[in-house]
Amino acid sequence: MASIVVVGLGLAAAGFAGRQVLRVAPQVAQKMSEVLKTMSSESGILSNSKYHKGGFEPTMSKREAMLILDVSNNATKNKIKDAHKRIMLINHPDKGGSPYIAAKINEAKDLMDKK
């Protein structure tokens with residue numbers, strides 16, 4: 001009989017604790033987002049990413065091709081070829097990559113090879 005009472009009290013305590021967590025969770029999430037906003041605006045922790053933000057341009061420019069391949073404007077053909085190979089190994093559709101991204105990488109290589 002005593003074990004049933006102990007189990008009942010344990011379930012009640014777990015229920016009250018869960019209820020309190022669900023009440024406090026939205027406030028904690030709001031405070032965390034405020035802290036992250038202030039951290040990113042003050043110190044540039046989150047906004048200072050090495051990745052380019054935004055999508056692709058309608059027609060690829062030379063600047064976009066350089067960003068995709070991570071090469072400079074005066075890169076040699078060998079450097080362009082090596083960068084293309086390195087990026088395609090990661091993003092190839094046969095390895096689970098996106099066919100659209102692979103097409104954009106190939107387009108960037110073709111544009112950079114034209115120079």
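Which residues of the largest nonpolar core touch the most other members? In this predicted model, they are Leu-69, Val-71, Ile-105, Ala-108 and Met-112, out of the 15 residues that the core holds. Helix 2 (62-69), helix 3 and helix 4 each supply at least two residues of this core, and the points below follow these helices and some of the residues in and around them.

**The chain as a whole**

- The chain contains four helices and zero strands, and when it is read along the sequence its pattern is α-α-α-α.
- Of the 115 residues in the chain, 17% are buried, and in soluble globular proteins nonpolar side chains tend to be buried together.
- If one takes the contacts between residues at least 6 apart in sequence, 46% of them join residues that are at least 24 apart.
- The chain exposes about 9000 Å², and 62% of that area is supplied by carbon and sulfur atoms.

**Helix 2 and the residue that follows it**

- The buried residues of helix 2 are Glu-64, Ala-65, Met-66, Ile-68 and Leu-69, and these buried residues pack against both helix 3 and helix 4.
- Leu-69, leaving aside residues up to four places away in sequence, touches Ile-80, Ala-83, His-84, Arg-86, Ile-87, Ile-105, Ala-108, Lys-109 and Met-112.
- Asp-70 comes just after helix 2 and lies in the loop between helix 2 and helix 3, where its phi is positive, at about 60°, although Asp-70 is not a glycine.
- Asp-70 counts as exposed because its relative accessibility is 59%, which is over the 50% cut-off for that class.

**Helix 3 beside helix 4**

- The axes of helix 3 and helix 4 (residues 99-113) come within 10 Å of each other and cross at roughly 180°, and therefore helix 3 is roughly antiparallel to helix 4.
- On the side of helix 3, the residues that meet helix 4 are Lys-77, Ile-80, His-84, Ile-87, Met-88 and Asn-91, while on the side of helix 4 the partners are Ile-101, Ala-102, Ile-105, Asn-106, Lys-109, Met-112 and Asp-113.
- The residues of this contact between helix 3 and helix 4 divide into seven nonpolar, three polar and three charged.
- As general background to such lists, an α-helix has 3.6 residues a turn, so residues three or four places apart point the same way.

**His-84, a residue of helix 3**

- His-84 lies in helix 3 (residues 77-91), and it counts as buried because its relative accessibility is 14%, under the 20% cut-off.
- Not counting residues up to four places away in sequence, His-84 touches Leu-69, Ile-105, Asn-106 and Lys-109; Ile-105, Asn-106 and Lys-109 also appear among the helix 4 residues that meet helix 3, whereas Leu-69 is one of the buried residues of helix 2.

**After helix 4**

- Lys-114 is found in the segment after helix 4, and with a relative accessible area of 70% this residue is exposed.
- Although Lys-114 and Lys-77 are 37 residues apart along the chain, their C-alpha atoms are separated by 9.9 Å, and Lys-77 is also one of the helix 3 residues that meet helix 4.

Definitions and conventions:
Residues numbered from 1 in each chain as written. Predicted model: local features only at pLDDT ≥ 70, side-chain atom pairs only at ≥ 80, totals over all residues. Heavy atoms only, no water. Buried < 20%, exposed > 50% of the residue type's maximum accessible area, 1.4 Å probe, protein only. Contact = heavy atoms within 4.5 Å. Axes fitted to C-alpha atoms, helices over the stretch in contact; angles between N-to-C directions. Parallel < 35°, antiparallel > 145°, perpendicular 65-115°, else oblique. Nonpolar A, V, L, I, M, F, W, Y, C, P; charged D, E, K, R; others polar. Areas by Shrake-Rupley, 256 points an atom, 1.4 Å probe, with all protein chains shown as cover. Core = buried A, V, L, I, M, F, W, Y, C linked by side-chain atoms within 4.5 Å.
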